[in-house]
Amino acid sequence: MAPAGHDLIPTDPMPLQLKKVEPARGARWLGDAFALFARRPLAFTAMFAVFLFAALAVSLLPLVGGVLQMMSLPLLSLGFMVASQSALFGGPVTPAQFIEPLRADPARRRSLLLLCLIYGLAAIAILVICDWVSGGAMQRLQELMAQGTVDQAELDALMAEPGVTAAAMLALVLGSLLSVPFWHAPALVHWGQQSVAQSLFSSTLAVWRCKGAFFVYGLAWFVVATVFGIAAALVFSVLGAHSAASMLALPAGLLFSTVFYVSLLFTFNDSFGGAQGQAADGEPPAA
């Protein structure tokens with residue numbers, strides 16, 4: 001059963017209608033994402049964990065590992081959208097849905113792979129620029145964090161280096177700008193059969209037209225993360241286990257990251273939906 005008020009995207013490629021979304025809808029995106037995640041928590045979490053493991057393995061490849069890792073991110077978002085759409089219809093949620101879009105016709109497959117390549121190269125370029133701004137400190141910071149156990153004194157020394165704050169802010173700005181054209185683009189290629197250029201333009205236009213909803217969506221995420229952090233700190237403070245609070249960082253990060261990717265479908269459905277999809281037996285889903 002689909003959440004009330006959302007237009008479902010079709011399961012087969014067809015033209016999609018660009019719509020304007022009211023700002024209050026942004027909070028619904030997050031609420032519906034948590035509700036859908038709650039219906040398949042283990043399946044969705046397993047999907048994200050499998051992707052993280054695969055991305056880590058790919059990153060170990062010499063020379064091309066970093067680019068391939070960045071290139072995989074559009075497939076991550078699209079795979080979760082396919083899985084979330086399946087879950088709305090009561091279908092399966094499996095890691096195989098990450099590669100399901102690549103089994104489409106050759107034209108869509110080429111467009112999707114080209115999107116991945118463009119995104120990967122752009123993301124790597126952003127990292128290189130930010131590392132240059134920081135005087136190489138960002139690269140050393142990444143290497144330090146990859147060690148697992150971080151020496152606090154060394155971390156503080158790196159964070160205090162000139163240019164690190166500016167590089168971090170630049171990474172945030174450039175990363176946000178890059179996410180706009182790619183937010184809906186993979187889904188527009190997969191479900192809308194749009195070309196690479198058209199999907200990037202349509203995504204940018206949709207995000208701009210729905211900027212109020214995206215602002216509320218971001219604000220809702222900020223509130224959820226802040227409330228969770230305060231509540232966790234208070235609980236562990238009452239229990240007298242202050243140091244144990246840090247143990248929640250990893251599971252909380254996994255939970256929130258997974259729900260974020262589940263929410264992408266709702267941002268797309270409201271921005272481009274307009275036709276009821278068909279369930280597996282050919283009957284339209286219940287609203």
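Me: Into which classes do the residues of the lining of the second largest pocket divide?

Reply: They divide into 13 nonpolar, four polar and no charged residues. Here Ala, Val, Leu, Ile, Met, Phe, Trp, Tyr, Cys and Pro count as nonpolar, Asp, Glu, Lys and Arg as charged, and the others, Gly among them, as polar. A word on the source: this is a predicted model, where local features need pLDDT of at least 70 and side-chain atom pairs count only at pLDDT 80 or more, while totals for chains, interfaces and linings use all residues. Residues are numbered from 1 along each chain as its sequence is written, and side-chain values use heavy atoms, without hydrogens and water.

Me: What space lies in that second largest pocket, and which residues lie nearest its centre?

Reply: Rolling a probe the size of a water molecule over the atoms shows where empty space is left. A pocket is an open set of points on a 1 Å grid over the protein atoms alone where a 1.4 Å probe fits, with protein on both sides within 12 Å along at least five of seven lines; lining residues have an atom within 4 Å of a point. Points are joined across faces, edges and corners, and the volume is the space filled by probe spheres set on them. The second largest pocket holds about 520 Å³. Of its 17 lining residues, Gly175, Ser179, Val180, Trp183 and Phe260 lie nearest the centre. Two or more lining residues come from each of α4 (73-88), α8 (164-182) and α12 (249-272), and α8 gives the most, with six.

Me: How many helices and strands does the protein chain have?

Reply: It has 12 helices and zero strands; helices (H or I, at least four residues) and strands (E, at least two) are DSSP runs numbered from the N terminus.

Me: What span should helix α5 have, and what is the distance between its end C-alpha atoms?

Reply: The expected span is 1.5 Å times one less than the number of residues. For the 28 residues of α5 (residues 106-133) that gives 40 Å, and the end C-alpha atoms are 41 Å apart, which agrees. After α5 comes Gly135, with a positive phi near 70°.

Me: Which residues of α5 are buried?

Reply: Buried means under 20% relative accessible area, exposed over 50%, and partly exposed in between (1.4 Å probe, protein chains only). An α-helix has 3.6 residues a turn, so residues three or four places apart point the same way. The buried residues of α5 include Ser111, Leu112, Leu115, Cys116, Tyr119, Gly120 and Ala123. Across the chain, 40% of the 287 residues are buried.

Me: What does Ala167 in helix α8 touch?

Reply: A contact means heavy atoms within 4.5 Å. Not counting residues up to four places away in sequence, Ala167 touches Cys130, Val133, Ser134 and Met138. Ala167 is buried, at 0% relative accessible area.

Me: Is His184, in the loop between α8 and α9 (185-192), buried or exposed?

Reply: His184 is buried, with a relative accessible area of 0%. Leaving aside neighbours within four places in sequence, its contacts include Ser203, Val207, Phe214 and Phe272.

Me: And Ala38 and Gln193: exposed, partly exposed or buried?

Reply: Ala38, in helix α1 (residues 25-39), counts as exposed at 55% relative accessibility. Gln193 is partly exposed at 49%; Gln193 sits in the loop between α9 and α10 (196-209) and has a positive phi of about 55° although it is not a glycine.
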